[in-house]
Amino acid sequence: MARRRIIAGNWKMNMTPSQAVELCATLKDLVNNDAEDVVYCVPAIDIVPVAEAIKGTNVKLGAENFYIEDKGAFTGEISAPMLKEAGVEYIIIGHSERRDIFGENDILINAKVKKAFAAGLKPILCCGESLALRKAGTYKEWIARQIKWDLTDVTADQVKELVIAYEPIWAIGTGETATADQAQEVCKMIREVIADMYDAATAEAVRIQYGGSMNAGNAAELLSKEDIDGGLIGGAALKPDFGQIVNA
Ligand code: PEP
């Protein structure tokens with residue numbers, strides 16, 4: 001079964017609302033590719049203007065964060081129903097910056113995955129190892145454990161709609177990319193973990209991205225690998241280079 005490629009930009013804490021609209025205009029013709037899913041995951045304040053700016057294009061809207069409750073006394077947070085009503089389709093969960101800087105653990109990440117599905121949002125679930133774990137050689141066990149925790153009580157039908165982003169922390173924003181073989185090794189292993197947890201059909205359906213300093217120069221090789229179904233892109237998503245990645 002051919003999986004549909006998904007190229008998602010993670011804008012992080014960049015782009016004021018006016019800059020966001022300008023970026024959508026810059027990228028509009030460059031990312032026009034109906035053969036794959038193109039997603040902009042944008043800061044909360046940019047969601048409404050970006051939804052307007054991408055109307056009539058192939059680009060889908062994503063968010064970078066939310067909280068698991070629908071409403072209430074959670075100062076500063078934004079809920080899944082709020083995102084849904086604003087036109088958000090994809091939601092990044094478990095990014096290493098949320099885990100490391102904001103202390104999100106696998107229990108919360110698992111709750112977010114379940115809440116996202118219940119609210120009709122598609123999670124982009126991030127996993128990946130630190131440089132220390134890569135050097136120690138225990139990165140595969142670490143990533144398998146993250147996937148098992150984060151997908152506790154998530155059904156096979158839901159996993160078929162899930163996107164998993166393998167993002168080695170040592171390659172995020174550092175300019176150091178995992179080699180295509182290193183990325184393929186882990187993406188293949190993640191698919192095997194899904195096969196063990198669920199079944200072969202679910203493993204075949206789940207889409208797995210690579211993320212970590214993907215750019216216009218290295219995207220084609222990474223995306224040519226059998227188990228790499230797309231990319232989660234930080235820095236290069238804010239530049240015309242994103243169009244080259246989409247068409248790599
Ligand atoms: C990311 O943070 O998801 C990411 C992959 O960033 P960069 O492309 O800048 O390494």
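What radius of gyration would a compact globule with 248 residues have, and what does the protein have? In this predicted model, the protein has 17 Å, which agrees with the value near 18 Å for a compact globule; the radius is taken over C-alpha atoms, and the globule rule is 2.2 Å times the number of residues to the power 0.38. Local features are restricted to pLDDT of at least 70 and side-chain atom pairs to pLDDT 80 or more, whereas totals for chains, interfaces and linings use all residues. Numbering runs from 1 along each chain as its sequence is written, and side-chain values use heavy atoms, without hydrogens and water.

The C-alpha trace spans about 45 × 45 × 35 Å along its principal axes. Twelve helices and eight strands make up the secondary structure, assigned as DSSP runs numbered from the N terminus (helices, H or I, at least four residues; strands, E, at least two). Of the 248 residues, 51% are buried, where buried denotes under 20% relative accessible area, exposed over 50%, and partly exposed in between (1.4 Å probe, protein chains only). Among contacts (heavy atoms within 4.5 Å) with a separation of 6 or more, 72% join residues 24 or more positions apart.

In soluble globular proteins, nonpolar side chains tend to be buried together. Here, the largest nonpolar core has 68 residues, and Tyr 40, Leu 151, Ile 190 and Phe 242 have the most contacts inside it. Such a core is a set of buried Ala, Val, Leu, Ile, Met, Phe, Trp, Tyr and Cys residues joined through side-chain atoms within 4.5 Å. Helix H9 (residues 180-197) gives the most to this core, with eight residues. Apart from the largest core lies another, of eleven residues, among them Ala 8, Ile 92, Cys 126 and Leu 232.

Ile 124 lies in strand S5 (residues 122-127) and is buried, with a relative accessible area of 0%. Leaving aside neighbours within four places in sequence, the contacts of Ile 124 include Ala 8, Ile 92 and Leu 232, as well as Cys 41 and Gln 209.

Most residues other than glycine have a negative phi. Met 15, in the loop between strand S1 (6-10) and helix H1 (17-27), has a positive phi near 85 degrees and is partly exposed, with a relative accessible area of 23%. Asp 153 has a positive phi near 65 degrees; this residue is placed in the loop between helix H7 (139-150) and helix H8 (156-159) and is exposed, at 62% relative accessible area.
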